[in-house]
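Colleague: I'm new to this one. Could you show me the model and walk me through it?

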Amino acid sequence: MKISVLRIGHRLVRDDRVTTHSALVSRAFGAERIYMTGIDESVSKTVAGVAKRWGGEFEVQIIQDWKGLARTWKKEGGKVAHLTMYGINIDDAVQKMRMEDRILVMIGAEKVPREAYDIADYNIAVGNQPHSEIAALAIFLDRMFKGKQLKKELAGRRLRIIPAERGKQVRETR
Ligand code: SAM
């Protein structure tokens, strides 16, 4: 099962850190790529720098038309999950979603347009309280991959951490 993330919206300056963190969390928790609207190249550059040091093939794609992307995704046989506090409980849908080949998971930087609810095959809540797209995304990916993504070794990494009870142990791999 392959998962890509689509983040809808970006409030200039105010959202900069959250936007970068959405990309870093997508990568670290096992997604293949993130599509984002309304951002410049700085997020892609930060994430490319992380991938160069720590490995993996993750990509950031800047897009203009999120509805077009989601419709094409569905036409090509993928499914769309939208994270929203108004959706159904993640635990009631996760088994079914794990059977899909490709999932595009949509998160909002702010209130998302109505169409997001209609385009989605699954409207999924991570609890029914308002919180954050980063927290919702992290839990979604963790539930979908059953935590296995946290131990995955990424190809092409230049640095490798040796887990330690204290201090930092990092090795160069090439
Ligand atoms: N009141 C807003 C709304 O209409 O969803 C909350 C916006 S919240 C700051 C930004 C994003 O966080 C939402 O678009 C959604 O993707 C995600 N989010 C927040 N709480 C969530 C929850 N309980 N379950 C799933 N996703 C959530």
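Colleague: Which element gives the largest share of the shell around the ligand?
Modeller: Happy to help! This is a predicted model, where local features need pLDDT of at least 70, side-chain atom pairs need 80 or more, and totals for chains, interfaces and linings use all residues. Numbering starts from 1 along each chain as its sequence is written, and side-chain values use heavy atoms, without hydrogens or water. With strands (E, at least two residues) and helices (H or I, at least four) taken as DSSP runs numbered from the N terminus, the largest share is three residues, and they come from β4.

Colleague: Which residues come nearest to the ligand?
Modeller: A residue counts as near if one of its heavy atoms lies within 4 Å. There are 18 residues around the ligand, and those coming nearest are Leu83, Gly108, Val126, Gly127 and Gln129.

Colleague: Which residue has a backbone N or O atom 2.7 Å from a nitrogen atom of the ligand?
Modeller: Polar contacts here are pairs of N or O atoms within 3.5 Å. A polar backbone atom of Leu83 is 2.7 Å from a ligand oxygen, while one of Val126 is 2.9 Å from a ligand nitrogen. The 2.7 Å approach to a ligand nitrogen is made by Gln129.

Colleague: How many residues apart in sequence are the parts that Lys2 and Glu32 tie together?
Modeller: The structure has nine salt bridges (a Lys or Arg side-chain nitrogen within 4 Å of an Asp or Glu carboxyl oxygen). One of them joins the side chains of Lys2 and Glu32, at 4.0 Å from N to O. Lys2 lies in strand β1 and Glu32 in the loop between α1 and β2, so the parts they tie together are apart in sequence by 30 residues.

Technical notes. Polar contact = N/O pair within 3.5 Å; in protein donor to acceptor, adjacent residues only side chain to side chain.
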